Amino acid sequence: MTFFASLQRSPIMKGVSTKTTTIFSKLMRNPLMQQHYPVQQQMQTTQQLQIRGMASKKHKRVIKMAKGYRGRANRCFRLALSRVEKALQYAYRDRKVKKRKFRSLWIQRLNAGVRQYGLNYSQFIHMMSGKSRAAEGVGGNVKLNRKMLADLACNEPFSFKAVVDVVKMTNK
């Protein structure tokens, strides 16, 4: 049995990662290493070559969240922590921005749709809400939101025309 094989089975090497043992095995195969380092020093070298694992569950969680980041930010906890915090800030902010962007898109689609029938967006919404004839007791008959109206304008032009006609008739 070689020196390395006996050392690998020893209690010192228990719990040491395979990466460490691979590095150690390469070092110990070198005849110069075997000559210059007695057994006790070789065991100390093994202990020095151990690779530090994760410090805690928090570290593991942060490093996992930083997967795919460039540079050391996906490996080093301190860098990963700042990048992950910033990413979470962007995610929080952009969930709000996403809602604004979609509302804006619906309004653009709705405006393009109602302009084909001689109205613009603001006139259409004003007529639809029934505020133009609220004094006479006539309220808006159409209770569709911008999302549904924009979908009708894009995908169902005949249905959208019927909605526009109803809105125009209730506000004559």
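Start with the whole protein chain: its secondary structure comes to nine helices and zero strands. This is a predicted model. Trace the chain along the sequence and the pattern reads α-α-α-α-α-α-α-α-α. Now colour by accessibility. Of the 172 residues, 27% count as buried. Turn to contacts with a separation of 6 or more: residues 24 or more positions apart account for 43% of them.

**Stop 1: H6 and H7**

Select residues 77-115, helix H6, and residues 121-129, helix H7. The two pack at an angle of about 90°, and their axes are 8 Å apart. An angle of 65 to 115 degrees counts as roughly perpendicular, so H6 is roughly perpendicular to H7. Which residues make the contact? On the H6 side, show Ile107, Leu110, Asn111 and Val114. On the H7 side, show Tyr121, Phe124 and Ile125. Colour this set by residue class. Six are nonpolar, one is polar and none is charged.

**Stop 2: along H6**

Stay on H6 and select Ser82, which lies in this helix. Is Ser82 buried, partly exposed or exposed? Its relative accessible area is 39%, so Ser82 is partly exposed. Add Ala66 and draw a distance between the C-alpha atoms: 9.9 Å. In sequence, Ser82 and Ala66 are 16 residues apart.

Next, select Tyr92 and Lys96. The charged end of Lys96 sits over the ring of Tyr92. From that end to the ring centre is 4.4 Å.

**Stop 3: the aromatic pairs**

Now display the aromatic side chains. How many aromatic pairs does the structure hold? There are three. A pair of aromatic rings is described by the distance of the centres and the angle of the planes.

Begin with Phe102 and Trp106. Their rings are 6.1 Å apart, centre to centre, with 40° between the planes. This pair is tilted. Both residues lie in helix H6, four residues apart, or about one turn of the helix. Check the surface around them. Phe102 is partly exposed, at a relative accessible area of 40%. Trp106 is also partly exposed, with a value of 22%.

Move to Tyr117 and Phe160. Here the ring centres are 6.3 Å apart and the planes stand at 50°, so this pair is tilted. Where do its two members sit? Tyr117 is in the loop between H6 and H7, while Phe160 is in helix H9, residues 157-170. The pair links distant parts of the chain, with the two positions 43 residues apart in numbering. Is Phe160 buried or exposed? Phe160 has 2% relative accessibility, so it counts as buried.

Keep Tyr117 and Phe160 on screen and add Phe124. Together, Tyr117, Phe124 and Phe160 form one aromatic cluster. Phe124 was selected earlier, as one of the H7 residues in the contact with H6.

**Stop 4: after H9**

Follow the chain past H9 and select Lys172, found in the segment after that helix. Lys172 has 76% relative accessibility, so it counts as exposed. Finish with Met127. Draw the distance from its C-alpha atom to that of Lys172: 9.7 Å. Along the chain, Lys172 and Met127 are 45 residues apart.

Technical notes: Residues numbered from 1 in each chain as written. Predicted model: local features only at pLDDT ≥ 70, side-chain atom pairs only at ≥ 80, totals over all residues. Heavy atoms only, no water. Axes fitted to C-alpha atoms, helices over the stretch in contact; angles between N-to-C directions. Parallel < 35°, antiparallel > 145°, perpendicular 65-115°, else oblique. Contact = heavy atoms within 4.5 Å. Nonpolar A, V, L, I, M, F, W, Y, C, P; charged D, E, K, R; others polar. Phe/Tyr/Trp six-rings, centres within 6.5 Å; stacked < 30°, edge-to-face > 60°. Buried < 20%, exposed > 50% of the residue type's maximum accessible area, 1.4 Å probe, protein only. Lys NZ or Arg CZ within 6 Å of the ring centre and 35° of its normal.
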